[in-house]
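User: I'd like to practise reading a structure feature by feature. Can you walk me through one?

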Amino acid sequence: MTRTYEPAKTPEDLARLFVERANARDAEGLAELYAPDAVLAFPPGSVTAGREAIRAVLERMLEHAELPFQVEEPLPTVRYGDLALTSTRPADGTGGRVQVARRQPDGTWLRIIDRPETPA
């Protein structure tokens, strides 16, 4: 049975939905926040390409994660047409998290590039 997930109606929704699904240890739900051809810079120093590969990496991440994650302070979103650059100020002091999201034909948003950790 395929589960239906709440879509991101704005680029800013993606961070909240990520935290909710991570705290539920739902790797499949996390992967649904990414476009099929998305790129994730995780684990640090690596690049993971494609939704299925991202799901597998996030599944491993959740096995070792100290939960719960907290919704982090968002920085202003920068938009250019159907693209949006989002970022948050990490609570764990890793320096910054940045993502590029793309509006889908139905008006929802998915991550296409995600760099969850940058040096402080």
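Analyst: We'll go through the pocket, the core, some backbone oddities and the salt bridges. Keep in mind that this is a predicted model.

User: Let's start with pockets. How much space lies in the largest pocket, and which residues are closest to its centre?

Analyst: A pocket is an open set of grid points with protein around it, so you read it by its volume and its lining. Here the largest pocket holds about 560 Å³ of space. It is lined by 23 residues, and the ones closest to the centre are F18, F69, E72, D92 and R97.

User: Which elements give two or more residues to that lining?

Analyst: They are α1 (13-23), β1 (34-40), α3 (51-64), β6 (96-103) and β7 (109-118). The largest share is from β7, with 4 residues. By residue class, the lining splits into 13 nonpolar, 4 polar and 6 charged.

User: Next, the core. Which residues have the most contacts inside the largest nonpolar core?

Analyst: A nonpolar core is a set of buried nonpolar residues joined through side-chain atoms, so look for its best-connected members. This one has 24 residues, and those with the most contacts inside it are F18, L30, L33, Y34, L40, L58 and M61. At least two residues each come from α1, α2 (27-31), β1, α3 and β7, and α3 gives the most, with 5. Notice that F18 turns up here and among the residues closest to the pocket centre.

User: Let's zoom in on Y34. What is Y34 in contact with, leaving aside neighbours within four places in sequence?

Analyst: Its partners are F18, L40, R51, I54, L58, L110, R111 and D114. Of these, F18, L40 and L58 are also on the list of residues with the most contacts inside the core.

User: On to the backbone. Which residues are joined by cis peptide bonds?

Analyst: For this one, you read omega. F42 and P43 are joined by a cis bond with omega about 0°, and P43 sits in the loop between β1 and β2 (48-49). Another cis bond joins L67 and P68, with omega about 5°; P68 is in the loop between α3 and β3 (73-74).

User: What is phi of R25 near, and where is R25 found?

Analyst: Phi of R25 is near 55°, a positive value in a residue other than glycine. R25 is found in the loop between α1 and α2, and it counts as partly exposed because its relative accessibility is 45%.

User: Last topic: how many salt bridges does the structure hold, and what does R16 pair with?

Analyst: There are 13 salt bridges. R16 pairs with E6, the closest N and O atoms being 3.0 Å apart. That pair links distant parts of the chain, as R16 is in helix α1 and E6 is in the segment before α1, 10 residues apart. R16 also pairs with D13, at 3.8 Å between the closest N and O atoms. Those two both lie in α1, 3 residues apart, about one turn of the helix.

User: Are R97 and E72 buried or exposed?

Analyst: With buried meaning under 20% relative accessible area, R97 is buried at 15%, and E72 is buried at 17%. Shared partners also join E6, D13, R16 and E20 into one salt-bridge network. As for R97 and E72, they form a salt bridge with the closest N and O atoms 2.8 Å apart. This pair links distant parts of the chain: R97 in strand β6 and E72 in the loop between α3 and β3, 25 residues apart.

Key:
Residues numbered from 1 in each chain as written. Predicted model: local features only at pLDDT ≥ 70, side-chain atom pairs only at ≥ 80, totals over all residues. Heavy atoms only, no water. 1 Å grid on protein atoms, 1.4 Å probe; cavity = no way out; pocket = protein on both sides within 12 Å on 5 of 7 lines; lining within 4 Å. Points joined across faces, edges and corners; volume = space filled by probe spheres on them. Nonpolar A, V, L, I, M, F, W, Y, C, P; charged D, E, K, R; others polar. Core = buried A, V, L, I, M, F, W, Y, C linked by side-chain atoms within 4.5 Å. Buried < 20%, exposed > 50% of the residue type's maximum accessible area, 1.4 Å probe, protein only. Contact = heavy atoms within 4.5 Å. Salt bridge = Lys/Arg side-chain N within 4 Å of Asp/Glu carboxyl O.
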